[in-house]
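Grab the model and work through these short exercises with me. Each one sets a task and then solves it step by step.

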Amino acid sequence: MSDYGVKISLEGKDISSTSPEDYLIFSKYQIPKTYIVGTSSLSFSNEADTHNNKTVTTVNHNLGYKPYVSWYWNKNNSEYGGDFWIESQGAPHLVFESIYYVVTTTSFAIYYTYNNGGYGDGLTGISGYNFGFKYYIFIDKADI
Amino acid sequence: MSDYGMKVSQVGVDVLTSADNQYVFSSAFGGLLIKDNVTINSGGTYTHNYGYIPVYTAEAFFTPNTQTAGLNVGADSTKIYNNSSNNLRFFLFARDIRTNLSGVNITNTPSPVSSANLDYGFKVSSDGYNVKTTGLTNLVSFSGVSLAGNPVRQLIIHQTGFQDNINSGTTLNISHNLGYVPQFWAYYRKHPTVIYSPEMVNYQVNFDSTVSITYQATVSSSEISFYNNLGSQIDVAYVIFKDAI
């Protein structure tokens with residue numbers, strides 16, 4: 001292995017350091033990079049509508065592997081005053097229903113799944129809710 | 001402090017007028033290096049032995065039309081724990097979760113994005129890969145665009161910090177001074193445990209009155225907030241990025 005590459009140390013840190021904690025870029029180590037960024041939304045027209053499974057959005061990334069993704073969501077645009085952006089690296093658990101993402105080697109999709117599962121009627125009184133989503137598909141490989 | 005460093009703007013943006021959130025990276029701000037990228041099976045652990053609790057993420061792979069649950073994961077100064085029912089992929093970063101970094105704004109005024117003369121930029125490949133021929137996954141850093149036309153950017157840290165001993169029934173608000181709703185990662189640990197978990201653990205959304213929120217981390221254009229109703233004190237830590245949601 002040839003000893004070449006690029007490294008940029010953080011302010012006040014010596015460029016001869018061997019510790020990755022001291023660097024902004026060190027070509028021995030990968031850096032998470034956003035690749036595709038987008039938004040989507042989900043609305044429920046009435047109570048009965050919350051009992052239908054839905055595909056919120058599907059985005060083709062065509063990377064050929066499962067990338068790392070991150071997503072955020074809000075309720076009724078309350079992020080501008082209501083502080084309701086919620087970071088969900090895995091899946092938020094809505095107790096009766098789930099909003100979650102699925103990553104394949106070619107696409108990213110957000111789903112809403114209804115499952116009363118013996119718990120009852122699910123999300124009562126949410127027919128006026130609109131959900132907004134922001135998703136980040138990274139280049140970084142996260143295959144299991 | 002001497003005024004030197006390195007910065008690369010996203011495709012089509014003049015590096016001299018770029019807003020903070022239009023850089024691919026800038027040495028004026030912090031970043032995250034991936035120290036380990038590992039799969040941990042359900043119920044398993046990974047020993048990292050960093051000597052500090054690292055910033056980390058957990059990635060799950062679900063299948064359509066299935067009920068999902070929050071991920072039960074955690075980290076301490078020696079290990080990562082996967083107590084979820086899923087096998088998960090973890091990114092461990094070379095950064096102590098308990099690091100204070102004040103948020104600094106240089107400019108948040110967006111610079112115009114040009115579509116002209118885009119054939120220049122910056123590209124660094126991983127160890128052992130030819131920068132001229134390797135695929136995207138083996139590039140450490142580069143300025144470019146995705147097939148969807150999005151500019152590639154590294155995660156640029158605006159502000160990090162931690163706060164201990166937040167009482168149950170209270171909310172902690174921390175200003176970030178960005179003026180927009182930023183992407184963020186947040187973690188908490190419930191006393192007396194020493195394990196930090198991402199915010200989605202034990203999170204329940206109050207969509208109907210039968211469900212109560214026990215913990216949540218949220219963000220607005222001015223602050224990040226931690227609400228604790230877990231019945232005991234919690235410690236929290238956060239990373240706020242220069243990236244508008």
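**Exercise 1.** Find which element gives the most to the lining of the second largest pocket.

*Solution.* Keep in mind that this is a predicted model. Start with the space itself: the second largest pocket holds about 290 Å³. Next, look at its 17 lining residues; Q30(A), N37(B), S126(B), T137(B) and N138(B) are the closest to the centre. Now sort by element: β10 (130-141) of chain A and β3 (34-40) of chain B are the ones giving two or more residues. Of these, β3(B) gives the most, with four residues. By class, the lining splits into five nonpolar, six polar and six charged residues.

**Exercise 2.** Now do the same for the largest pocket: which element gives the most to its lining?

*Solution.* This pocket has about 390 Å³ of space. Its lining counts 23 residues, and those nearest the centre are L10(A), F29(B), G30(B), R95(B) and L101(B). Two strands of chain B, β8 (88-96) and β12 (157-166), each supply at least two lining residues. The top giver is β8(B), with three. As for class, you get 11 nonpolar, seven polar and five charged residues.

**Exercise 3.** Work out the strand order of the open three-stranded sheet in chain B.

*Solution.* Begin at the edges: β4 (45-47) and β6 (73-75) of chain B each pair on one side only. Then follow β4(B) to its partner: three bridges join it to β7 (residues 79-82) of chain B, running antiparallel. Along that pairing, T45(B) sits opposite Y81(B). That gives the order β4-β7-β6, with antiparallel pairing. From one strand to the next, the twist averages 10°.

Note on methods. Residues numbered from 1 in each chain as written. Chains lettered and ligands numbered in written order. Predicted model: local features only at pLDDT ≥ 70, side-chain atom pairs only at ≥ 80, totals over all residues. Heavy atoms only, no water. Pairing = 2+ DSSP bridges. Axes fitted to C-alpha atoms, helices over the stretch in contact; angles between N-to-C directions. 1 Å grid on protein atoms, 1.4 Å probe; cavity = no way out; pocket = protein on both sides within 12 Å on 5 of 7 lines; lining within 4 Å. Points joined across faces, edges and corners; volume = space filled by probe spheres on them. Nonpolar A, V, L, I, M, F, W, Y, C, P; charged D, E, K, R; others polar.
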